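User: Please take a close look at one buried or exposed histidine and its surroundings, setting out the cut-offs as you go.

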Amino acid sequence: MSEKTSQSKPTIIRNKESEVDIYTAVAKYEEIQTSHRDENNDSTIYFNTLHKWRDIMKWNYELKNKDNPPKEKIEEYKNDVIHLFLILKKLNRLDKIRSKQKKDLLNKKKQEIDSKHLQQENLLNELFYLKKEISKCLQYKSSDSDIDLVPLDTFCLESPDSSDCIDKLKSGLINEHDLHIRRLQWEFEQRQTQQQQCDEVEKNKETILSEIQEESRILQSILPMLKDIRTAAQPLQQSFGLAPCQARSYADIVNVLPKPLYYLYIQTDAYRVACIIKLILESKFTVSINGDEEEARRFDSNKNNVVDTNSDEEVDVPKPKKRHHKKSRTDTKSVQQKSLLSKHPLSVKLTLSLKNNTQFVMEFFYLVNLNLITVTVSSSWSGFSSSYSRELLSPSSILDALFPGDNGKESPHIVNFHQLEEEKTEFNTMEVGKPYIWAQSICGLDFLNPNTPDFLISRNNIAQVLKAINNRLKTRLSLITQLDCGDLERRFSINGVNLTSVLSPWNTMTWENFIKLEYCKPHVEFGTVTENDLLFKRVVNYKTATLTVVMAIKCDYPKSNPIFTLQLNMPTINEGMSVLNSTNNNSVRELEREINVFHEQIEDEDINEMLINIIGRLVVCFEVMMETWGHSDFPKTKTILYNIRGRARNHPFKAVKHHSGIIFEHR
């Protein structure tokens, strides 16, 4: 070995290009060599080399511990160790190359598997889509089947080209499809003919209307001539002692009405005539006067006599002494309270009749001493038997908040507060009615100048108030219809969402019971739900989970959306029952926020469908929430991209339309 080391090595001049070529050549050679060499043989060489290394190191150690170790032997051991080290490095490089090749092969196989898997998913989706389209094609129903065609016998008799259609059909010359096409063509021709006849009738109608307008113009031009004739005939009537003709448009009892009720009657009757002519309101209403005319005249005369005696200060007539029994203070006080709240004997009654045999009667009274108008409401309907229908159509609250802040609990006249405070009495709305602000305005009362009612105030407000009352009544009837709706499953299955929950009927709820519920108290504290709201309750059962829904509908619905409070009862693993609501569970709190805050307004949304859509969306979001919890009792039946997302673990409540159906995603 010493001889080998002592040999002179040839000098090699290297540059950068030769080094790069040698490195790449060696790398390629070793890559080729790894494919021809056996891994097990390399492993055996590796372990044998290690054993030789250990033996040489042991011999070297023993040789160095001797007194005079031979240097040639030590140099030989050194060369052998270097040779073994180079063998180990080469084996290491070969192992790295093999591991890299295997990793590359593994990644290549993974990519092939992923591409095959993606291709399989695409093919499955395409198969699902094709099956769906095939089912649609098989279920296709043409709209021509809904056309009410004339009977076949009539068609064969009246159609000139189809007299022998039945014989041809029996003999097989034509099939049923061709016969149906002939019938449709003949029906189209007949309807075109009828349309032409209808156009001719419309033209005749317009001609007749123009003639009527011309006749009415002529009649109106006669009216000044009749007035001139009437004026010219007055001297002749006086000479013969005849009374002149007088035009009276209203009954005599109208003149006995107090000014506020008089303005109300005149303006309401005029608006009623305008509605009949222009069809402004769909509902019909009538105006009438209630009360005794003679009693009203006596009431006015007594009032005038009292004013005259108070104004006459010069008359001093001695009054005979009379003995009176002492009345108790309570009797005197009750008499004073009754006199303060005394009504005029006459009242104006406004009756609104809707299409479904529903009538609402509003009676307007005039409190003489308080100079105030009050309103009482009575109603009659048929076909509504549920408890919530009686609550929605309750006469005591149906006109509350007709305009913002106008609940009729206090008198809008500031003077009345001091008058009632002095007598220590309050309004009993069940007896005298409610003093709404809009009732004062349509009667012409302006409390900046309360003694002189203004007919302009009545005229400017009558149309707005009557339209608001009519809209309120239609809205309440629409609410009853929507609360009675029980086909949420069918409606939402048409839109692509299947509902499996079972809904109980709505029940009314009192304010006292509402404020006792712990999960309802936050709404009371923040003022989102008040005592004036209409409260309803129902239960939604979805498999083993039960959701209690409390709904508060504002008086001005649909301007203000309903407020929902929720409580979820579901079984636990230990056969117990967990009660979850917005005070102790983030998911229920998020569900409440989804329904109360995120209102999905639809263009041209019908008011008659608004509450149904909100309740249906609540049930859908409830089922989505239960399915995203991963509970075994609630398997997935809807298309959900991600179950829970974010730190707050939000649920996918947002529904997005897709060509394959409805997909639920996060906001």
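Analyst: H344 is buried, with a relative accessible area of 5% (buried is under 20%, exposed over 50% and partly exposed in between, with a 1.4 Å probe and protein chains only). This is a predicted model, in which local features need pLDDT of at least 70 and side-chain atom pairs count only at pLDDT 80 or more, while totals for chains, interfaces and linings use all residues. Residues are numbered from 1 along each chain as its sequence is written, and side-chain values use heavy atoms, with hydrogens and water left out.

H344 lies in the loop that runs between α10 (329–340) and β2 (347–353), helices being DSSP runs of H or I with at least four residues and strands runs of E with at least two, numbered from the N terminus. Leaving aside neighbours within four places in sequence, H344 is in contact (heavy atoms within 4.5 Å) with V256, P258, A296, F299, D300, Y366 and V368.

The strand at the end of this loop, β2, belongs to an open sheet of four strands, ordered β1-β2-β3-β4 with antiparallel pairing, where pairing requires that DSSP finds at least two bridges between two strands. Because β1 (284–290) and β4 (372–380) stand at the edges with a single partner strand each, one side of each is left without a neighbour in the sheet. From one strand to the next, the twist averages 20°, with axes fitted as lines to C-alpha atoms, for helices over the stretch in contact, and angles between N-to-C directions running from 0 to 180 degrees.

Strand β2 is joined to the antiparallel β3 (residues 359–367) by six bridges, and K349 has E363 in β3 as its bridge partner. Helix α15 (residues 455–484) packs on the sheet, where it touches β1, β2 and β3, and its direction makes about 45° with that of β2.
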